[in-house]
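Reader: I'm new to this structure and would love a close look at one single part. Could you walk me through it slowly?

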Amino acid sequence: MPRPTYSMELVSKEQLAPATIGLTFQVTNPPAFEAGQFVSIHFTFEGEELKRSYSIASSPEQLTEDGTLEIAVGLVADGKASQFFEQAEVGQTVEMSGPFGVLTLPEQLPSRLILVGTGTGVAPYRAMQPQLEALAQQGQNIHILMGARTRNDLFYQADFQQMADLQTVTYEACLSREDSVDKQAGEYAGYVQKRLSELPLTPGNDLIFLCGNPNMIDDCVTQLTEAGFGPRQVKREKYTFSR
């Protein structure tokens, strides 16, 4: 039985980074979702019916309050979805199915939660912001690692830095192609997987989320497996770039 679809109208569009755009949709009769899940967007481009999946970048609370849902789209050269969304105008409608995915926060957490993301793979963590802030205020230790080539490629910075203002939250931007970094501003020179390997990790104390580039996730899973982590201690979601 096919899953139901929901009509969405594009209400705003912004350039988040040179190769990333943010889209906000008004959803008609929206379904409930958990922060960390993704949706599939159905659209027609040059006469071809297409479907692409995107993590929800806004919180469930936002959808309840005003019926809007946000996604971040990584732009791919000559990509059909990239061209469609770059050309899309406010007022245009698409169909959505979902939500899908299990990259969600469990009810019981160990002493530390580590969230690792690259590119638009940080979108699920931004959707979790209200939950993460509530957990941090209760004393939960949270470490967020965002990977990007340069600081110009970073986005949602204000949201993550707001979380980092809480005593038990650490946020680091791992920049792989910057000549110099500002450690006082939470920048790190290198890939997120290298920074992760430098943390004192303990399978019994840490739950690790991985989202984004498949190579990053594979590298992290390899090093975590060698450190004694099992499937229950590592949650992951790979992103692939579809044309």
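Author: Happy to; here is a walk along one helix, α7. This is a predicted model, in which local features need pLDDT of at least 70 and side-chain atom pairs count only at pLDDT 80 or more, while totals for chains, interfaces and linings use all residues. Residues are numbered from 1 along each chain as its sequence is written, and side-chain values use heavy atoms, leaving out hydrogens and water.

Helices are DSSP runs of H or I with at least four residues, strands are runs of E with at least two, and both are numbered from the N terminus. Helix α7 covers residues 214–226, 13 residues in total, and spans 18 Å from its first C-alpha to its last. That is close to the 18 Å expected at 1.5 Å a residue, where the expected span is 1.5 Å times one less than the number of residues.

Let's begin at its start: a side-chain oxygen of N213 comes to within 2.8 Å of the backbone nitrogen of N215. Further along, M216, I217, C220, V221 and L224 are buried (under 20% relative accessible area, with a 1.4 Å probe and protein chains only). Seen down the axis of α7, the buried residues fall within an arc of 125°, so they line one face of the helix; the arc is taken from the directions from the helix axis to the C-beta atoms. These buried residues pack against β7 (112–118), α6 (192–198), β11 (206–212) and β12 (234–238), with contact meaning heavy atoms within 4.5 Å.

On the other side of α7, N215 and E226 are exposed (over 50% relative accessible area). Just after α7, G228 adopts a positive phi of about 100°.

Technical notes
A polar contact is a pair of N or O atoms within 3.5 Å; within protein, one must be able to donate a hydrogen and the other to accept it, and residues adjacent in sequence count only if both atoms are side-chain atoms.
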